[in-house]
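Take a guided walk through this protein. Keep the sequence and the 3D view side by side as you read.

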Amino acid sequence: MSAINALVDSEMDGLISDLQTLIRQPSVSAKKQGLMECANLVAQIMRKAGINSEVLYLDDKTVAPAVYGEVKSKSNPGRTILFYNHYDVQPEEPLELWESEPFSGKVEGNYVFGRGSADDKGELITRIKAVEYFLKKTGDVPCNVKFMVEGEEEVGSVHIDQYLTRYKEKLKCDGVIWEFGYVDAKDRPIISLGMKGLLYVELIAKGPARDAHSSLAVLIENPAWRLVYALSTMRDSDGKVLIKDWYKEVRPFTDQELSVIGSEPFDEQEFKQEYGVDRFVAGAKGTDAKKALVGMPTCNIAGFNSGYIGEGAKTVLPSQAMVKIDFRLVPDMVPEKQLERLKSHLKEHGFSDIEVKLIHGEAAARTAINDPFVKQVEQAAKETFGSAITSVSSAGTGPMYSFVKVLHAPCISIGSTYMFARIHSPNEFAKIDLLNKTTKCIGRIMEKFSSG
Ligand SMILES: [Zn+2]
């Protein structure tokens, strides 16, 4: 039990009302709406909690500010934990599907509704409150605490690397708690130790100078076909990427990782039903399916655009075709290197006319499963929730590599977000019982972490 447990229970109303205050300040990074206001509000809530706080900027003042917070421990100044969060949210649209006003923070039973209630204002508030309750209860915190709260997570954390680099000394720490964490339907928190990387490109094929009558397809090559031919050389029907040396730097799973993957719960039938599919890529089953989720690179067509896509027929030979591809990367693949391999592949296969446009590149990160920080978080989660699930990596992408590269600290994701909390969708919610338990869990993590 954490020293703050009783306070978490008796002060729940204060936690909810601070969360409502945050939700009621719209902060949509995609529209650059309310970002400065929300950053100031976060700093203010931190100060009220007893956390020293300041708003950070880059030289380019059009970049969303970040919020820094800090409390030094009197009893244990040798260990520092950093909470990474974000105050920005996804756009609230489509409005007509919301059952209450998106920025109302409406409370109903066990739920707090509103954009950002879970992602990520709910997560942020559990961490601020854990610190506040330690200060209130003991006049101290078990270890040094730092906060890095950015305002561009929902638009790809485009400047996080610059922030970390510029404020590297300030942000120095021994461990990072990631911005989000899921709790499954059986109330088990999922402790995730990594994130995949991403290489996002557009391939553009050019045909005739302008759209042509499709009768000319006998003579003029169609750029959409060109892209289809090029794409078919890049991946086989089992999902394997056929680009030379694509897997060269892929770090194999350790035995310990394999055993964790093997024991992770995964209901194949439920998953297939949820997505309406009856088979996985390459017919993967059991442990292979789980291994793919946490550690397999992909070549995914995210969008394909060419020719006429309106109603009815138009016999046209388009002048251009474009495909968007996202390649998920895993440790230790280097996005820049993979991009070069893709370009060479196209050249070697006779597609040097296809233009490759880089949209985004980001490396993967994975915290070593035998890092002592992992045990501490696992124990804290099991003590608080009764049980917990450890996952070697999330299947998704986030800027974890920047933290590992700049701060050299292990990163672990754990939080309060119910798996089906409709984040990024209408009627997003946070569950009050999970906010309560997670605040206690964060407290317990700090206590365990302080011992080294
Ligand atoms: Zn989000």
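## From surface patch to zinc site

Helix 7 (223-232) and strand 13 (300-306) each supply two or more residues of a nonpolar patch, that is, at least two. What you see here is a predicted model. The patch lies on the surface and covers about 500 Å². Its makers are Trp225, Val228, Tyr229, Ile301 and Phe304. Helix 7 gives the most, with three residues. Phe304 sits in strand 13. Its relative accessibility is 38%, so Phe304 counts as partly exposed.

Now follow strand 13 into its pairing. Strand 13 pairs with strand 15 over six bridges, in the antiparallel sense. One pair to find is Asn300, whose bridge partner in strand 15 is Asp326. Strand 15 spans residues 320-329 and is mostly covered. Of its 10 residues, seven are buried.

Strand 15 also pairs with strand 11 (residues 197-206). These two strands run antiparallel and are joined by 10 bridges. Look for Gly197: it stands opposite Leu329 in strand 15.

Next comes a separate topic, an open sheet. This sheet has three strands in the order 4-5-21, with antiparallel pairing. Strand 4 (107-108) and strand 21 are the edge strands, and each pairs on one side only. Strand 5 (residues 111-113) is joined to strand 21 by three bridges. Val112 stands opposite Ala430 of strand 21.

Turn last to the metal. Which residues are the protein donors of the zinc ion? They are Asp119 (OD), Glu154 (OE), Glu154 (OE) and His424 (NE2). These donors lie 1.8 to 2.6 Å from the zinc ion. Along the chain, their spacing reads D-x34-E-x269-H. Glu154 lies in the loop between strand 6 (144-150) and helix 5 (160-166). His424 lies in the loop between strand 20 (417-418) and strand 21 (429-431). The pair therefore ties together parts that are 270 residues apart in sequence.

Why is the arrangement around the zinc ion irregular? The four donor atoms subtend angles of 54 to 140°. Four donors count as tetrahedral only if all angles lie between 85 and 135 degrees. The angles of 54 to 140° make this arrangement irregular.

Two of the donor residues can be set side by side by their cover. Glu154 is buried, because its relative accessible area is 13% and buried means under 20%. His424 has a relative accessible area of 40%, so His424 is partly exposed.

Definitions and conventions:
Residues numbered from 1 in each chain as written. Predicted model: local features only at pLDDT ≥ 70, side-chain atom pairs only at ≥ 80, totals over all residues. Heavy atoms only, no water. Donors = N, O, S within 2.8 Å, 3.2 Å for Na, K, Ca; no water. Tetrahedral: all angles 85-135°; square planar, octahedral: opposite > 155°, others 65-115°. Helix = DSSP H or I, 4+ residues; strand = E, 2+ residues; numbered from the N terminus. Buried < 20%, exposed > 50% of the residue type's maximum accessible area, 1.4 Å probe, protein only. Patch = residues over 30% accessible without salt bridge, like charges linked within 9 Å, V, L, I, M, F, W, Y side chains within 5 Å. Areas by Shrake-Rupley, 256 points an atom, 1.4 Å probe, with all protein chains shown as cover. Salt bridge = Lys/Arg side-chain N within 4 Å of Asp/Glu carboxyl O. Pairing = 2+ DSSP bridges.
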